[in-house]
Amino acid sequence: MKCLVTGAGGFVAAWVLLQRPADWEMIAVSRKDPALIRAGIHWRRIEETSGSLAAVIKAERPEAVIHTIALPDIEYCQAHREEAVVVNVDLSREVADACADIGARLVHCSTDNVFDGLKGMYREEDPVGPVNFYGETKLRAEEAVRESGATAVIARVAIVLGLPIPGGHSTSLQRMIMQLKEGKPAGTPSSETRTPIDVASLGAALLELAGNDFTGIIHLAGGERDNRVSFMRRIAEALGYDPGLVMPNHPELTPGYAPRPLDVSLDN
């Protein structure tokens, strides 16, 4: 099996590559230097130009593509809309069209933020309605994938928690642990309810989807629904830190804060 992973320098993609099945050849595509040097993983560097990613896909001709590239910062997307469209929509369309052209299977990573957050425990067939521009771009990317005609899975991913691979970029959990180690309070939004998934399970699920024949939309989320303060306190306690140091904060009071759906828990 030959599988190409976009955004290979990122948090989720690293955990996909780390769990490479022994008989798979992985093509890791990134704008950055190689992040994980292992047998069976071959790195391809691309430039920030339109068509460069499609050219790599067509040259490598993988049997499956896992597309993880995204601009995920919700505030940044809200303030830089043209750039958000280029990365989240146009690049996804480019990847989907390339997959359709060569007959490659596509696993496209979307988000729980395509929902409005008014009811929670969303199923795959529930109506969508994003409340921020990030969610809007990801919904438009889903539409581009469907329109491409590629054999595709749209994987709507819940909030992802975990630690980076050695040398990887820091994560919210890692930053929280560093604060707790120093006995400092760690703030987290108090008004959001989610179904968090750990990054290792997510990476394994994306590989499984790349290797099977399921098509359509699937929700990749953990099995428990909870608010962010509660589940971060549970993590702190499990790691041996004082859960009372995890404090609710109110980022919605900060100027420029983009709207968030209150409850985008996913029914998995």
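User: Why is Val107 called buried?
Analyst: In this predicted model, Val107 has a relative accessible area of 0%. A residue counts as buried under 20%, so Val107 meets that criterion. Val107 belongs to strand 5. Leaving aside neighbours within four places in sequence, Val107 is in contact with Val65, Ile66, His67, Val153, Leu206, Leu209 and Ala210.

User: Why does Ile217 count as partly exposed?
Analyst: The relative accessibility of Ile217 is 24%. The partly exposed class lies between under 20%, which is buried, and over 50%, which is exposed; Ile217 therefore falls in that class. Ile217 is part of strand 11, and it touches Glu124, Arg146, Ile154 and Arg156 when residues up to four places away in sequence are not counted. Its C-alpha atom is separated by 10.0 Å from that of Val107, although the two are 110 residues apart along the chain.

User: What makes Ile37 exposed?
Analyst: Its relative accessibility is 68%, and the exposed class begins over 50%; Ile37 is therefore exposed. The residue sits in the loop between strand 2 and strand 3. From Ile37 to Ala150, 113 residues apart in sequence, the C-alpha to C-alpha distance is 30 Å.

User: How do you know that the length of helix 5 agrees with its number of residues?
Analyst: Helix 5 holds 16 residues, 133-148. The expected span is 1.5 Å times one less than the number of residues, which gives 22 Å for helix 5. The C-alpha atoms at its ends are 22 Å apart, so the two values agree. After helix 5 comes Gly149, with a positive phi near 80 degrees.

User: Against which elements do the buried residues of helix 5 pack?
Analyst: They pack against helix 3 (74-79), helix 4 (81-102), strand 5 (105-111) and strand 6 (152-157). The buried residues of helix 5 include Phe133, Tyr134, Leu139, Ala141 and Val145. Helix 5 lies across strand 5, strand 6 and strand 11, and runs at about 160 degrees to strand 5. Helix 4, for its part, lies across strand 4 and strand 5, at about 170 degrees to strand 4.

User: Why are strand 3 and strand 11 placed at the edges of the sheet?
Analyst: The open sheet has 7 strands in the order 3-2-1-4-5-6-11, with parallel pairing. Strand 3 and strand 11 (216-220) each have a single partner strand, so one side of each is left without a neighbour in the sheet. From one strand to the next, the twist averages 20 degrees.

User: How do you know that strand 1 and strand 2 are paired?
Analyst: The two strands run parallel and are joined by 4 bridges. Pairing requires at least two bridges, so strand 1 and strand 2 satisfy the condition. Val5 stands opposite Ala28 in strand 2.

User: Why is the pair of Phe115 and Tyr122 called stacked?
Analyst: The ring centres are 4.2 Å apart, and rings pair if their centres lie within 6.5 Å. The planes stand at 10 degrees, and planes under 30 degrees apart count as stacked; the pair is therefore stacked. A search of the whole structure finds 1 aromatic pair. Phe115 and Tyr122 are both buried.

User: Which residues touch the most other members of the largest nonpolar core?
Analyst: Among its 33 residues, these are Leu17, Met26, Ile66 and Leu206. Elements giving two or more residues to this core include strand 1 (2-6), helix 1 (11-18), strand 2 (25-30) and helix 7 (199-211). Helix 7 supplies the largest share, 7 residues. Apart from this core lies another, of 31 residues, among them Ile46, Ile74, Ile102 and Ala152. Returning to Ile66, its contacts beyond four places in sequence include Cys3, Val5, Val16, Val107 and Leu206.

User: What makes the phi of Met121 worth listing, and why does Met121 count as partly exposed?
Analyst: Phi of Met121 is near 50 degrees, a positive value in a residue other than glycine. Its relative accessibility is 35%, which lies between the limits of 20% and 50%, so Met121 counts as partly exposed. Met121 is located in the loop between strand 5 and helix 5. Arg61 also has a positive phi near 50 degrees, and is found in the loop between helix 2 (52-60) and strand 4.

Notes
Residues numbered from 1 in each chain as written. Predicted model: local features only at pLDDT ≥ 70, side-chain atom pairs only at ≥ 80, totals over all residues. Heavy atoms only, no water. Buried < 20%, exposed > 50% of the residue type's maximum accessible area, 1.4 Å probe, protein only. Contact = heavy atoms within 4.5 Å. Core = buried A, V, L, I, M, F, W, Y, C linked by side-chain atoms within 4.5 Å. Axes fitted to C-alpha atoms, helices over the stretch in contact; angles between N-to-C directions. Phe/Tyr/Trp six-rings, centres within 6.5 Å; stacked < 30°, edge-to-face > 60°.
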